Amino acid sequence: MICLGIESTAHTFGIGIVSDKGKILSNVWDMYRPASGWGIEPIKAKMHHEEIKNKVLEKALADAKIGLKDIDLIAFSQGAGLAPCLYVGLNFGKELSKRIKKPLIGVCHQIAHVEIGKLCTGVKDPVTLYVSGANTQVLAFAEGRYRCFGETMDVGIGNALDKFGRGVGMDFPSGPKIEVLASKGHYTELPYVVKGMDLSFSGIITESLTRFRKGESLENLCFSLQETMFAMLTEVTERAMAHTGKTELLLTGGVAANSRLQEMLGIMCRERGAVFHTVPKEFAGDCGTNIAWLGILHQKSKMKTKPGILPRQRTDEVDVGWI
Ligand code: AMP
Ligand code: MG
């Protein structure tokens, strides 16, 4: 069985093709980049996705060296995400499914990030730290679902980094640029906001931007943002590992590409005798490949999903039948 996955929840339109054996045949995507000083505008992101969807499809098929007729299943990211963007994936999925007369299923974007990490690293039952643009969650499987042990109370960590970047004149996405500048900075204290198992990032960003405007060094602020926010993530993740007794950690989502975050979690795992895994960089951010793989898992386990788009879908409301 070969599944074609469509990703369109926010900034990225992607198509990936994966076999039921977990062989990744292609991973093609294109990112909408807001004008300098702007965040993601849903309607502009939607227009971007509409414009490039056919080109992305053609390249994904060409890379996989197959035709549409070889596809057995189509999966699309049904949520969580921005409604105008989600509709592009749903409608493109419907169109392709009609054209080749193959089933279409909607799958959960967040769980796709977890499952691609498991496929690529071979880890079986980890605590997962899922850090992306809109999401920050500490997850672990228990009794049929991915349960959320801790999460952000406001913005996702990626969006927080991007907001800081926007405020200091960096282009989107700012996470990688902040990482480069951080390597030249020194520590300056910022608010550290952990409440029980939950985290808050927005106040840290407001404070950092205020101090930037007052003339504080950008390098020092980038370094300290990373140190502070990643330490918060590490603290909560370690507590989830202690609570669940799980001995493996999986880091996934776009911010998983950050070397300093990987380093801090790696040290934490080593100190408690646990094993640390990171999703490969090419599958860290949004892409269609993780959607295709989750489509395969749903189909194999005969797990039904809801029809249509689910902009506010929560990770812990999805029944996971393949574990
Ligand atoms: P996703 O929504 O999963 O595609 O992740 C996108 C987010 O990852 C954006 O907010 C980026 O700024 C962030 N990101 C990507 N690379 C890095 C990095 N090296 N360090 C920190 N954040 C990053
Ligand atoms: Mg994502």
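The legends below describe close-up views of a predicted model.

**Figure 1. The magnesium ion (ligand 2) and its donor residues in the predicted model.** The magnesium ion (ligand 2) is coordinated by NE2 of His109, NE2 of His113 and an OD atom of Asp286, at 1.9 to 2.3 Å. Along the sequence these donor residues follow the spacing H-x3-H-x172-D. The pair formed by histidine 109 and aspartate 286 links distant parts of the chain, since histidine 109 belongs to helix H3 (residues 109-121), while aspartate 286 lies 177 residues away in the loop between strand S12 (275-278) and helix H9 (288-301). Both histidine 109 and aspartate 286 are buried.

**Figure 2. The surroundings of ligand 1.** Of the 18 residues around ligand 1, those that come nearest are Asp162, Glu179, Gly254, Asn258 and Asp286; Asp286 is also one of the donors to the magnesium ion (ligand 2). Ligand 1 sits in the largest pocket, and the elements that contribute two or more residues to the shell around ligand 1 are helix H4 (157-167) and helix H5 (175-182).

**Figure 3. Polar atoms of the protein beside ligand 1.** Two glycines approach ligand 1 through their backbone: a polar backbone atom of glycine 158 is 3.2 Å from an oxygen atom of the ligand, and a polar backbone atom of glycine 175 is 3.1 Å from an oxygen atom of the ligand. Asparagine 258 takes part through its side chain, of which a polar atom lies 3.0 Å from a nitrogen atom of ligand 1. Taken on its own, ligand 1 has 500 Å² of accessible area, and the protein covers 92% of that area.

**Figure 4. Two cis peptide bonds.** Most peptide bonds are trans. The bond from glycine 79 to alanine 80 is nevertheless cis, with omega near -5°, and alanine 80 is placed in the loop between strand S4 (73-79) and helix H2 (83-100). The bond from phenylalanine 172 to proline 173 is likewise cis, with omega near -5°, and proline 173 is found in the loop between H4 and H5, the two helices that each give two or more residues to the shell around ligand 1.

**Figure 5. Lysine 101 and glutamate 143, two residues with positive phi.** Most residues other than glycine have a negative phi. Lysine 101, although not a glycine, has a positive phi of about 55°, and this residue is found in the loop between H2 and strand S5 (104-108). Lysine 101 counts as exposed because its relative accessibility is 71%, over the 50% cut-off. Glutamate 143, again not a glycine, has a positive phi of about 50° and occupies a place in the loop between strand S7 (136-142) and strand S8 (145-151). With a relative accessibility of 76%, glutamate 143 also counts as exposed.

**Figure 6. Histidine 11 and its contact with threonine 12.** Histidine 11 is placed in the loop between strand S1 (2-7) and strand S2 (12-19). The relative accessible area of histidine 11 is 15%, which is under 20%, and the residue is therefore classed as buried. The side chain of histidine 11 makes a polar contact of 2.7 Å with the side chain of threonine 12.

**Figure 7. Serine 200 and alanine 274, two buried loop residues.** Serine 200 is found in the loop between strand S10 (198-199) and helix H6 (202-213), where this serine is buried, with a relative accessible area of 12%. From C-alpha to C-alpha, serine 200 and alanine 140 are 20 Å apart in space, and they are 60 residues apart in sequence. Alanine 274 has its place in the loop between helix H8 (259-271) and S12, and with a relative accessible area of 14% alanine 274 is buried. Alanine 274 and glycine 14 are 260 residues apart in sequence, and their C-alpha atoms are 34 Å apart in space.

**Figure 8. Alanine 292 in helix H9.** Alanine 292 lies in helix H9 and is buried, with a relative accessible area of 0%. The C-alpha atoms of alanine 292 and alanine 134 are separated by 21 Å, the two residues being 158 residues apart along the chain.

Technical notes
Residues are numbered from 1 along each chain as its sequence is written. Chains are lettered from A and ligands numbered from 1 in the order in which they are written. This is a predicted model: local features need pLDDT of at least 70, side-chain atom pairs count only at pLDDT 80 or more; totals for chains, interfaces and linings use all residues. Side-chain values use heavy atoms; hydrogens and water are left out. Donors are N, O and S atoms within 2.8 Å of the metal (3.2 Å for Na, K and Ca); water is not among the atoms, so sites may look incomplete. Helices (H or I, at least four residues) and strands (E, at least two) are DSSP runs, numbered from the N terminus. Buried means under 20% relative accessible area, exposed over 50%, partly exposed in between (1.4 Å probe, protein chains only). A residue is near a molecule or strand if one of its heavy atoms lies within 4 Å of it. A polar contact is a pair of N or O atoms within 3.5 Å; within protein, one must be able to donate a hydrogen and the other to accept it, and residues adjacent in sequence count only if both atoms are side-chain atoms. Accessible areas come from the Shrake-Rupley method with a 1.4 Å probe; for residues, only the protein chains shown count as cover. On a 1 Å grid over the protein atoms alone, a cavity is a set of points where a 1.4 Å probe fits but cannot get out, and a pocket is an open set with protein on both sides within 12 Å along at least five of seven lines; lining residues have an atom within 4 Å of a point. A molecule sits in a cavity or pocket if more than half of its atoms lie within 2 Å of its grid points.
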